[in-house]
Each structure stands twice: as structure tokens, then as C-alpha cells.
Amino acid sequence: MSIKERFPDGPEPLYLVDGTSFLYRGFYAYPDLQRSDGMPTNAIFIVLRILLRILREERPKYLGFIMDGKGPTFRHELFEPYKAQRPRMPEDMAVQIDPLREAVQLMGLHLLVSEGVEADDCIASLAARHKEERPVVIVGSDKDLKQCLDEQVVLWDPAGKREKVTTLDIFCEETGLTPAQWPDFQALTGDSSDNIPGIPGVGPKTAEKIMAQAATLEDLRDGGAERLPDKLRAKVTEHMEKVFLYRELTRMRTDCCEEHGLEQLRVQPLHTDDLFDFLTTFEFRSLARDLRSMVPEAPTAAEPVAAATGQASLFGTAAPVPSVPPLTLHKAEQPDQLPNPDDALVGLVSMDNGLRIAVQSREEIGSEQQYTGSLPELIDYLARARTVVCPDVHDLLRSDAAWDALPLERWFDLSLAAYLLNPEERNYSWDRLHQSLFQSDPDDPEGHEPADLHPDAQAGAALLYLERVRPKLHAANLETLLRDVELPLLPVLAAMERQGIHLDKQAFRAFLDEVQERIDELTKEIHELAGENFNIRSSQQMAVVLFDKLGLKPAGKTPGGALSTANQVLEKIRSAHPIVEAILQFRMLEKLRSTYLAPLPRLMDDNGRLHTHFNLTATATGRLSSSGPNLQNIPIRGPQGKRMRACFTATPGNLLAAADYSQIELRVLAHFSQDPALLDAFAQDEDIHSRTAALLFDKDSPQAVSGEERRSAKTINFGLIYGMGPQRLARELQVPLSEAKSFIERYFERLATLKAFYDTIVEDAATHGYVTTLAGRRRLLPGLHSRNQQMVSQAKRQAVNTVIQGSAADVIKLAMLAAHQDTVLQELNAPLILQVHDELLLEASESVALQAGERLVEIMQNVTELRVPLRVDMGVGHNWAEAH
DNA sequence: GCGAAGCA
DNA sequence: TGCTTCGC
């Protein structure tokens with residue numbers, strides 16, 4: 001939704017862009033971006049990208065682009081330290097300002113330079129002046145700007161991955177304040193980036209309390225402070241005078257920039273040719289592309305446009321692929337003029353402004369087009385093709401369930417292909433894959449030159465990418481995995497995501513209230529024990545209080561060298577001071593609150609359900625990941641964990657069934673290693689940790705093992721699975737490093753077959769450069785040949801870990817596919833709704849949930865045959881806790 | 001060990 | 001960005 005759509009039918013909104021803040025942000029966000037002659041262009045790039053996006057998506061009629069002037073402002077006169085800690089603007093940024101101004105004007109936008117005041121003041125003034133007659137959209141991120149919010153004034157931060165819109169309502173809900181109170185609030189807390197100190201020890205939480213007693217600083221001075229606790233009152237009174245000054249600094253003026261009337265802010269037509277030249281001169285190819293997509297008549301690049309020129313064809317090497325005719329962006333009446341797709345390859349790329357299509361048949365590569373027809377028609381059309389090549393099928397399936405209609409065998413997913421070839425890249429976005437076409441790749445056995453490809457040819461580029469990636473997949477034996485597992489999993493995941501899981505809002509709310517109350521109590525208690533108010537969430541402040549002020553003995557350091565306040569460290573000094581206990585409690589509850597209790601309810605849909613994203617290309621081992629929200633790390637242990645999971649419920653009339661593989665990783669390990677002890681233990685369905693403990697501690701039977709011994713064995717068993725090093729093991733077991741090392745030695749002595757297996761994997765990895773899992777998934781391990789011993793050890797552990805964990809991931813993926821396709825579950829109307837690595841959740845009506853759960857167990861247990869049986873535990877209940 | 005997420 | 005903590 002564009003911002004504009006929030007104000008339907010009214011007058012045209014005025015957009016005010018905080019240029020300076022985006023200038024800084026761009027400068028630091030993309031430190032390396034520069035023109036080929038070395039001129040830094042990062043700040044210009046970001047700002048122009050944002051502006052182009054605003055023009056494209058918002059089509060504003062009135063817009064002001066506001067930048068700070070050069071000189072000092074009235075704030076520096078009021079308060080000498082103001083922004084004093086800020087270094088002078090870096091030279092690399094300064095040189096970008098003039099070109100940026102030029103570009104802004106070429107875009108037909110009105111540029112305001114604030115002299116003697118800051119850009120913020122200018123924005124506040126313009127907003128105040130125009131908000132009565134029309135909506136105002138402030139485009140920026142500075143939190144000072146929140147004081148401008150009003151019924152008709154919204155704050156929009158478009159940069160970054162998740163854009164943010166702040167309205168008056170959101171602001172009030174988040175802070176409990178009115179925008180007019182915001183400067184008072186900021187004066188109390190201070191602002192480190194502007195070098196405004198605020199009252200020491202007063203953070204947002206305390207400031208909130210103060211503001212609850214006194215709505216303004218004046219109220220506070222004239223008696224409001226009396227209502228505060230003694231210590232706080234003393235502090236407030238002491239700083240009262242200065243706080244008024246701070247407010248002057250954060251409060252924005254609303255009486256400047258008077259010379260800029262509405263007419264001057266009217267957006268003018270783009271100077272298309274000049275702007276295009278500008279973008280070309282600064283080598284902003286993607287921006288030039290954006291511009292062309294906005295203005296079809298914009299000039300195309302000088303060089304001839306050719307996709308895949310001279311590249312080997314998919315249809316053999318005989319005929320060179322014909323070059324693509326120059327692209328024109330049809331605004332067209334489709335799909336009548338799309339070429340015949342029968343048995344052709346179709347490239348399909350989803351861009352911001354729509355779908356792009358290129359068709360490659362035996363005869364020719366058609367020109368690339370923007371698709372503007374209906375989705376069902378497109379799907380019918382694509383169904384006739386041989387293969388539809390798409391950079392992110394998951395994204396399409398998510399966007400519209402109609403895509404499920406396209407037969408699975410049609411799809412080819414480029415991100416999946418790239419992921420399977422090397423699962424350790426962190427980014428498989430089309431942006432990235434597309435870029436890689438233009439770089440020569442030393443690892444490419446085909447020795448492709450960088451593509452000579454028109455930047456506009458997105459769908460054409462997808463076809464080219466396919467040509468490059470297919471031989472690699474073939475060589476790596478990954479085609480089957482892609483075709484039979486990963487790709488078919490996409491609709492399964494999309495269906496699970498759409499289904500979502502129901503959250504009991506009332507129960508959650510009650511939980512949150514209790515936790516919040518306890519957190520408040522603990523905060524008070526900790527501050528009293530410490531003798532001062534400090535930010536308990538800040539590990540740095542905490543270290544000062546504990547180790548300097550209270551003189552406790554630090555029991556460890558962070559990797560960075562700072563004194564650590566990690567829980568494990570605090571546990572050690574638990575008895576040294578009562579504050580430690582309180583802090584540990586606080587930490588636990590605060591984690592619970594900030595990670596789960598507070599954010600999850602906000603993510604619920606109208607039916608009270610949460611929809612996560614299951615990502616198939618996120619982990620190096622082949623596991624799924626879950627995000628937005630992450631439903632794979634919901635607490636389970638302890639009373640809180642149980643209560644939390646009890647909030648995940650079936651909708652009334654339904655039940656949840658939870659089925660989890662028992663010890664799947666250790667079973668996989670037993671399968672691969674064929675260790676007799678492990679095989680036997682699983683064949684007898686014995687407790688595996690007791691069994692290893694008996695071996696480790698020379699016990700005649702697993703029954704003779706003590707609880708402590710079993711725990712040690714369990715830790716090292718898991719250590720092996722997770723590729724834990726001796727350091728980590730020592731920490732987990734709370735024993736010296738030497739002891740952990742000898743413990744590992746003994747483990748491998750007693751389980752010699754495991755040792756042999758471990759060695760085989762490492763050898764294998766060293767010869768091939770990679771390891772493979774049960775389903776043929778690969779992970780490259782270049783670290784194995786590093787000169788750095790630590791890297792080598794890590795790579796060895798990763799090798800073992802990947803084989804075990806990745807194979808387990810393969811198994812459950814197969815189970816998910818089987819469950820999704822299972823006709824029994826389909827007839828029972830029992831869809832999968834969640835996967836948590838070794839656990840599957842389904843929801844079904846009360847009458848059939850148990851039956852469905854049992855069917856799921858059957859599917860999971862029989863999905864593949866290992867040398868040990870697969871065991872699945874299952875439970876049914878009204879909520880996730882009960883079902884376990 | 002790995003991935004997601006909150007916080008300073 | 002680094003630190004911390006949750007899950008597996």
C-alpha cells in the first residue's frame with residue numbers, strides 16, 4: 001500500500017524528505033560504493049534510490065527535499081556541546097553533496113537548504129504550516145521528527161528492509177505521550193547522537209514514569225516532582241534547569257522556511273534525458289533501469305542489447321542463440337502478444353513494478369515484456385511451457401495461492417539451485433544472483449565470461465542463469481534433490497505459512513501482564529541493591545555496577561575482551577550478592593517479554609493466527625529456518641516454556657497433534673557409523689544417553705549409571721552432533737579444558753567405530769572438498785585446507801555436523817512432502833501447520849485429530865529406511881503444550 | 001554449531 | 001556491530 005492511499009479522496013499530500021539523514025545513512029550503509037574512477041557515490045545512490053521509489057510508488061504532487069545548511073545553528077549558540085562529538089563531515093561525503101543537489105533538481109524536486117536552522121526545523125515548520133489544508137508525509141528516520149506527528153501528519157521511513165510508518169495513533173500507543181510531549185521526554189532521557197546528556201540514569205522507562213506524574217517540564221517543576229520517589233526527585237530537581245535547555249534543543253521550530261510556498265513545492269516533470277545522463281555518468285545502472293521502467297520513452301543504453309549472445313544454447317551447441325532484439329517495454333495488452341509457449345523455456349521474474357517474462361523457444365528468444373494481464377491467464381499460459389524459470393518460486397507461491405495451479409514440474413527455481421550448489425552464501429536474492437552474471441567466476445568450470453546482457457533483461461537474465469547453473473547442478477548430482485525434494489517442498493511450506501497457527505490472545509495478555517509486573521518489581525529491587533538507577537539491559541552498565549561498584553569478582557570475559565555478564569558467568573557468582581539472582585531473573589523475564597510476549601500478538605492476523613516464513617535457503621546444513629516471527633525457538637523448558645506453548649492453541653472445535661522424531665540425529669549417526677553399541681541401543685529402544693554413559697564410565701549396565709553421568713554423556717553426545725569443540729564442551733560441563741579433552745578422547749576410545757566414522761567423513765571431505773547427506777545435499781568445506789589450525793578443526797566439526805544434521809533435515813523434509821501429499825490426511829482435513837526441525841504439528845477437528853496424528857506418525861516413521869528404526873512420539877491436545 | 005531476534 | 005539467549 002502506498003502511503004498516499006492512507007489519505008483517500010482528500011487533497012494531495014505534501015511529502016517532506018529529510019535529505020540529510022538519508023545522506024548519512026547511505027554513506028555508512030554502503031561504505032564501498034564508488035564510481036570506477038574512485039569517486040565515492042554511496043550517499044548519492046541511496047538518496048536517489050529512495051527518491052525514485054517515492055516518485056514511482058507515491059507519484060507525489062508536492063514534495064520538498066530538505067538538507068542541512070553549512071553554518072552553525074541557533075542550537076550551537078544555546079548549548080556549546082551540541083553535536084560537538086560529531087566529527088566533521090567526512091570528505092568522501094562532502095564531495096557528494098553538490099552532485100546530489102543537481103540530481104534532485106533534475107528529478108523536478110524542490111530543494112530546500114536550511115540556513116541557521118536544521119533540516120528538521122524546516123520540516124517541522126513546513127508540516128505545521130500545511131497540515132491544516134492537506135496531509136503531510138514526512139520521509140525520514142530521525143526520532144526528533146516524532147514531535148511533528150498529528151492526525152494528518154505521518155512519519156515514513158522507507159529505507160532498510162522493513163519500512164516503517166509511524167502515525168499519531170501508533171506513536172501514542174507506543175509511548176503513551178502526545179507528540180507535543182516528545183521534546184520533554186527527550187530532554188529527560190538525553191540523546192547521545194546529538195550530545196544532549198539528559199538526566200543521568202534516566203532512560204526511557206524512568207522518563208515514562210516521570211511523565212506519568214507530570215505531563216510537561218513545567219508541571220514537573222511546579223510540584224510534579226513532589227510525587228516522585230525520593231532519589232529520583234533529588235536527581236530531577238538537581239538537573240531541572242538544564243533539562244529546560246535540553247528541551248529547547250530537541251524542540252523544533254515551526255517558524256522558519258517561510259519563503260517556500262506550496263507552489264514552489266510542486267513536483268515538476270523529470271528532466272529525463274539529463275537525469276539519465278547523470279545516472280549513467282555516476283554508473284548507477286540499476287537506477288537507470290528503474291528510471292527507464294518509469295519512463296518508457298527514456299533513452300536506452302548506447303551499447304547494443306543482447307541477452308545470452310554467443311552463449312551455449314540449452315538445445316545443443318550447434319546453433320548460437322539468436323541475439324535478443326532491442327528491448328521495448330510494452331505497456332501492452334497481453335497475453336495475446338506473448339509468443340507461443342508450447343514446449344518453450346519461460347523466464348519469469350517478479351519485480352517491484354510487476355512480472356517480467358521472456359520466452360525462449362527452439363526458434364528464438366522473444367523480447368522481454370512486462371506482463372499486465374490477469375494471473376489465471378498467465379498460469380494457463382505458463383502451464384503450456386516446458387519449464388518456467390524463476391528466481392524465487394516461494395515468493396510467488398506466497399503472494400497468491402493461485403500459483404499452486406501451475407504444475408510443479410514446470411518450475412525451476414534459481415535461488416534453490418544456487419543454494420544447493422553452495423548453501424553457505426547468505427543471500428540468494430535475485431538481485432545478487434543477477435549481479436553474479438556480470439562477474440566472471442573463477443570457480444565456473446565452463447569458464448563463462450561476464451554476461452554481455454542488457455540490464456533491463458531481467459527475465460532474459462533468468463534464462464541465462466539457468467543455462468549456467470544447470471550443468472553445475474548436473475555435475476554435482478543435485479538435480480534429483482532439487483526436483484524431488486526442495487522444489488516440491490515449496491508449495492508445502494507456502495501452505496503451512498498460509499495456514500498459520502492460532503494464538504490465544506487473552507492468555508498471552510495475562511501472561512504478559514504478570515511478567516511485566518514482576519519485571520517492574522525486579523527493576524526496583526536491582527536498583528536498590530545497586531544503590532543507583534542504571535540500565536539493566538545494558539551489559540556494559542551492568543559490568544560497571546557489578547564489578548566496579550559492588551566489587552564482585554568477574555568470572556569471565558567476552559570474546560571482545562570486555563568483562564562478561566553472560567548468564568553462565570553470573571551463575572558462578574550467584575551466591576556472592578543477592579543482586580545477581582535478581583539480575584538473572586530479570587534477564588529471563590525480559591527475554592520472555594521482549595522476544596515473545598510483546599511482539600507476537602502484534603503479528604496476529606484477524607483470525608488470531610500467526611504466519612511465519614519458512615525459509616528453504618537459509619542454513620548451511622539443509623535445515624529450514626523460520627522468521628517473522630521465528631516459531632522455531634518458542635520456549636519449551638521450565639514452567640514458563642510450558643505456559644508459553646499452552647498459548648499456541650487449536651481453534652475451537654479443533655485439536656493440535658504434535659509428532660516429533662525421537663533422537664533422530666543420533667539414529668542417523670548410528671545408521672552412518674554402524675557403531676554396534678548405538679545400533680544395539682536403538683534396536684532395543686534403550687535410553688541412548690544412559691547406554692553411552694555406561695560405556696564411558698565402565699558400568700555393567702545402563703541402570704547403574706548415575707544422573708550426573710548420564711548428563712555428561714548426553715552433553716557429549718549432543719556435542720558430537722552439534723560439532724561442539726572441546727572449549728564449548730568444557731564450558732557446558734563446567735570442567736577444565738584439559739578434562740574436556742581427555743573426556744572426548746575416552747569417548748572415541750570406547751566408541752571406536754564412531755571415531756572411524758568421524759575420520760572417514762573428514763577424509764572424504766578433504767578429497768572431494770565437500771560432504772554429502774542422505775539425500776545428496778552438499779556442503780563445501782574449503783576451511784579444511786586452511787593453514788589456520790582452528791579453521792581446520794572447525795571445518796572438521798562442520799563436516800560431521802552437516803552429515804548428521806543435514807541428513808536428519810532430509811528425513812523430515814521427506815516426511816513433510818509425504819504428509820502433504822497423503823490422501824488420508826487430506827481427507828481428514830488435517831493440514832501441517834508447523835515444523836520445528838524434528839517435530840511436525842498439524843491441526844484437525846476434534847473428532848479426527850488423534851487419527852490424523854497417528855497417520856502422521858506412520859508417515860514419519862516409514863518415510864525412509866535406516867539401519868535403526870525411526871521412532872516418533874506423538875500427542876494430541878488443545879494447545880501445543882498439551883500435545884507434547 | 002547454527003539461525004532468529006532484541007537491545008545498546 | 002557485538003552481545004545475549006531461545007530453539008534444535
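A salt bridge here is a side-chain nitrogen of Lys or Arg within 4 Å of a carboxyl oxygen of Asp or Glu. I keep that cut-off at hand for the first entries. The model is predicted.

**Entry 1: salt bridges**

I began with the pair D873 and R871. Their side chains meet in a salt bridge, at 2.9 Å from N to O. I then looked up the accessibility of both partners. D873 has 31% relative accessibility, so D873 counts as partly exposed. R871 is partly exposed as well, with a relative accessible area of 30%.

How many salt bridges does a search of the whole structure find? The search returns 45.

I picked E486 and K813 next. Their closest N and O atoms are 3.2 Å apart, and the two residues form a salt bridge. E486 sits in helix 18 (residues 479-499) and K813 in helix 32, so this pair ties together parts that are 327 residues apart in sequence. Are E486 and K813 buried or exposed? I find both E486 and K813 buried.

Then I took K549 and E532. This salt bridge has its closest N and O atoms 3.6 Å apart. K549 belongs to helix 20 (residues 539-549), while E532 lies in the loop between helix 19 (505-530) and helix 20, so the parts they tie together are 17 residues apart in sequence. K549 has 42% relative accessibility and therefore counts as partly exposed. E532, at 32%, counts as partly exposed too.

I also noted a network. Salt bridges link R53, R56, E57, D290 and D352.

**Entry 2: the annotated coiled coil**

I checked a UniProt record against the model. The unreviewed entry places the feature "coiled-coil region" at residues 505-532. Over residues 505-532 I read 93% helix and 0% strand. The end C-alpha atoms of this stretch are 37 Å apart.

**Entry 3: cysteines**

I searched the whole structure for disulfides and got one. C122 and C257 form it, with their sulfur atoms 1.8 Å apart. The torsion about the S-S bond is about -110 degrees, so the disulfide is left-handed. C122 is in helix 5 (residues 119-130), and C257 is in the loop between helix 10 (230-250) and helix 11 (272-281), so the pair ties together parts that are 135 residues apart in sequence. Both C122 and C257 are buried.

I looked up two further cysteines. C390 counts as buried because its relative accessibility is 2%. C647 counts as buried because its relative accessibility is 3%.

**Entry 4: DNA strand B**

Which residues come nearest to DNA strand B? Of the 25 residues around the strand, I list G628, Y722, R728, R797 and Q798 as the nearest. Sugar and phosphate make up 81% of the atoms of DNA strand B that come within 4 Å of the protein.

I sorted the residues of this surface by type. Four are nonpolar, 14 polar and seven charged. Helix 22 (578-597), strand 15 (625-627) and helix 32 (789-821) each supply at least two residues. Helix 22 gives the most, with four residues.

I went through three contacts with DNA strand B.

- S594 has a polar side-chain atom 3.3 Å from a sugar or linking oxygen of the strand.
- A618 has a polar backbone atom 3.3 Å from a phosphate oxygen of the strand.
- S625 has a polar side-chain atom 2.9 Å from a phosphate oxygen of the strand.

**Entry 5: DNA strand C**

I repeated the look-up for DNA strand C. There are 21 residues around this strand, and N567, K591, R623, N633 and I636 come nearest. Of the atoms of DNA strand C within 4 Å of the protein, 76% belong to sugar or phosphate. The rest belong to bases.

The surface near DNA strand C divides into seven nonpolar, eight polar and six charged residues. Which helix gives the most to this surface? I find helix 22, with three residues.

Three contacts with DNA strand C went into the notebook.

- R623 places a polar side-chain atom 3.0 Å from a base oxygen of the strand.
- I636 has a polar backbone atom 2.9 Å from a phosphate oxygen of the strand.
- R637 has a side-chain N or O atom 3.3 Å from a phosphate oxygen of the strand.

Key: Residues numbered from 1 in each chain as written. Chains lettered and ligands numbered in written order. Predicted model: local features only at pLDDT ≥ 70, side-chain atom pairs only at ≥ 80, totals over all residues. Heavy atoms only, no water. Near = heavy atom within 4 Å. Polar contact = N/O pair within 3.5 Å; in protein donor to acceptor, adjacent residues only side chain to side chain. Nonpolar A, V, L, I, M, F, W, Y, C, P; charged D, E, K, R; others polar. UniProt positions renumbered as here; feature names shortened; annotations may be inferred. Disulfide = S-S within 2.5 Å. Buried < 20%, exposed > 50% of the residue type's maximum accessible area, 1.4 Å probe, protein only.
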